[in-house]
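Biologist: I'd like to learn how to read aromatic pairs in a model. Can you walk me through it?

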Amino acid sequence: MSIPNENAIAPLREGGVHTIEDLRGPAGRLEALLNPGRLLAEAPVSVLMCHPHPLLGGTLHNKVVYHAMKVFTDLGLPVLRFNFRGAGRSEGVHDHGQGEQDDARAAINWLAARYQRPVLAAGFSFGAHMVLRAGWDDPRVPALVSLGTPIAAAGRMYNYDFLQRCRKPFLSMSGAEDPISPRAEVEAALGPIPVAKRFEWIEGGDHFFLGHLPAMQSALRLWVEQTILSPEAQSMLAEAAAAGNTLVGS
């Protein structure tokens, strides 16, 4: 993973969206966009937001990904979105969830180098599973967000046994009518994990929160405010960063 060059690290103007040219994963360059948020000194974390399954049309421009990004940037946090290998203009070919984990790790590396602070790892559907895989044991990732937490989709079953060793707070949010993220199965898979987790179920929402994106945004915003931006949370972030540890949920 290459370190961003001097020009890439130069301060970016507040707001807007910027094309990132130097994000590379093991399979080559990854197409990426950065929404900078507020000035660097004001943001306690940066955010990675990953898209749904590329073979089913998922890209960094997905509507759920975009609306989640807006929540983070409205709170002043810089957000990186990228296309997994083989999607959009990203190099490489789809690797059925193996190489895509490495793509997510490359994006975490880029954000950590660019902003020199913790990285909140978030994703939607397939992208959620990728960031959970890539971020659960990374000391630079203090918390995790899983939107449309997938259990079964397109003939693939998603397993979460690896999270039994996770000690980070995380949010799992899905539509209450989401067939890919059935409530009973999600809570059975994630419920035993001994961390400060929160389940949110958007009433009437399907997998894409169709007609319920504002409700998704409101719930996401509240969780970020409480878990990342509150004075107590920021104190824990600072202590964890100083100790080189992850933020541990109670």
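Modeller: Let's go through the aromatic rings here, bearing in mind that this is a predicted model.

Biologist: What describes a pair of aromatic rings?

Modeller: You look at the distance of the centres and the angle of the planes. Searching the whole structure here turns up four aromatic pairs. Take Phe 84 and Phe 126: their centres are 5.6 Å apart with 85° between the planes, an edge-to-face pair.

Biologist: Where do Phe 84 and Phe 126 sit in the chain?

Modeller: Phe 84 is in the loop between strand S6 (79-82) and helix H3 (99-115), while Phe 126 belongs to helix H4 (residues 126-135). They are 42 residues apart, so this pair links distant parts of the chain.

Biologist: Are Phe 84 and Phe 126 buried or exposed?

Modeller: Both Phe 84 and Phe 126 are buried. They also belong to one aromatic cluster together with Phe 82.

Biologist: Now Phe 124 and Phe 208: why is that pair edge-to-face?

Modeller: Because the planes are at 70°, and over 60 degrees counts as edge-to-face. The ring centres are 5.8 Å apart. This pair also links distant parts of the chain, with Phe 124 in strand S7 (residues 119-124) and Phe 208 in the loop between strand S12 (197-202) and helix H6 (213-229), 84 residues apart.

Biologist: How buried or exposed are Phe 124 and Phe 208?

Modeller: Phe 124 is buried, at 0% relative accessible area, whereas Phe 208 is partly exposed, at 44%.

Biologist: Which ring has the charged end of Arg 114 over it?

Modeller: That's the ring of Tyr 115, with the charged end 4.7 Å from the ring centre.

How values were computed. Residues numbered from 1 in each chain as written. Predicted model: local features only at pLDDT ≥ 70, side-chain atom pairs only at ≥ 80, totals over all residues. Heavy atoms only, no water. Phe/Tyr/Trp six-rings, centres within 6.5 Å; stacked < 30°, edge-to-face > 60°. Helix = DSSP H or I, 4+ residues; strand = E, 2+ residues; numbered from the N terminus. Buried < 20%, exposed > 50% of the residue type's maximum accessible area, 1.4 Å probe, protein only. Lys NZ or Arg CZ within 6 Å of the ring centre and 35° of its normal.
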